[in-house]
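Me: Please take a close look at one part of this model. I would like to follow the sheet strand by strand, with whatever packs on it.

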Amino acid sequence: MSVRIDEVDRKILAELQRDASQSLDDIAKAVGSSKTPVWNRIRKLREAGVVGQQTVVLDAEALGFEACFFVLIRTSEHEADWQAKFLRALKERPEVQEAHRLAGDIDYILKVRVKNARAYDAFYQALISEVRVHNVTALLSMEEIKSTTMLPLET
């Protein structure tokens, strides 16, 4: 479904990105509208798939997940069966926060959040026992400088 996004929709989306738990009254006030039109616009944006799942952002370090690894994967396998097995293995592992298929020398990059290096090794051993990969390089993030899920909604 295609949806046309206007300036009011952008303001509503910006408010939802900033804090989706705020009240409809607060969103309406922030965008200069009343509650019913804002609710109708949010409903329209949800139905069109612009607004997806609502969730909360947890502090990984506060919960003991102190290690973030970026895992670069090269494979010599490109058959549909291998890819389906690989994607299933990634989706079943909660440590994998993001997975991207890339163009270029690296086939996939994963963002893996674990408690420590030992936990990463357990993840790695499980993955390679399930799916054959040509080369794996793990990069430990020393510091998270910026992390956001917010999209730049300029007009």
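Reply: L72 stands opposite I109 in strand 3. This is a predicted model. L72's neighbourhood belongs to the pairing of strand 1, residues 67-74, with strand 3. The two run antiparallel and share seven bridges.

I109 also has H100 standing opposite. That contact belongs to the pairing of strand 2, residues 96-101, with strand 3. Here too the sense is antiparallel, this time over five bridges. Strand 2 and strand 3 make a hairpin, and six residues lie between them. In the turn, G104 has a positive phi of about 115°.

How covered is strand 3? Strand 3 spans residues 108-114, and six of its seven residues are buried. In general, side chains of a regular strand alternate between the two faces of the sheet.

Now the whole sheet. It is open, has four strands and follows the order 2-3-1-4, with antiparallel pairing. Strand 2 and strand 4, residues 135-140, are the edge strands. Each of them pairs on one side only. From one strand to the next, the twist averages 20°.

Strand 4 joins the sheet through strand 1. The two run antiparallel and are linked by six bridges. One position to look at is I73, whose bridge partner in strand 4 is V136.

Next, the helices. Helix 4, residues 80-91, packs on the sheet. Helix 4 touches strand 1, strand 2 and strand 3. Its direction makes about 20° with that of strand 3. Helix 5, residues 117-130, packs on the sheet as well. Helix 5 touches strand 1, strand 2, strand 3 and strand 4. The direction of helix 5 makes about 135° with that of strand 3.

Finally, the stretch ahead of strand 1. L58 sits in the loop between helix 3, residues 35-47, and strand 1. Is L58 buried or exposed? L58 counts as exposed because its relative accessibility is 60%, and the cut-off for exposed is over 50%. L58 also belongs to a nonpolar surface patch with V56, L63 and F65. Together these four residues have about 390 Å² of accessible area.

To recap, strand 3 pairs with strand 1 on seven bridges and with strand 2 on five. Six of the seven residues in strand 3 are buried. Helix 4 touches strand 3, and so does helix 5.

Methods
Residues are numbered from 1 along each chain as its sequence is written. This is a predicted model: local features need pLDDT of at least 70, side-chain atom pairs count only at pLDDT 80 or more; totals for chains, interfaces and linings use all residues. Side-chain values use heavy atoms; hydrogens and water are left out. Buried means under 20% relative accessible area, exposed over 50%, partly exposed in between (1.4 Å probe, protein chains only). Two strands pair if DSSP finds at least two bridges between them. Patches are made of residues with over 30% relative accessible area and no salt bridge: like charges are joined within 9 Å, nonpolar side chains (Val, Leu, Ile, Met, Phe, Trp, Tyr) within 5 Å. Accessible areas come from the Shrake-Rupley method with a 1.4 Å probe; for residues, only the protein chains shown count as cover. A salt bridge is a side-chain nitrogen of Lys or Arg within 4 Å of a carboxyl oxygen of Asp or Glu. Axes are lines fitted to C-alpha atoms, for helices over the stretch in contact, and angles run from 0 to 180 degrees between N-to-C directions. Contact means heavy atoms within 4.5 Å.
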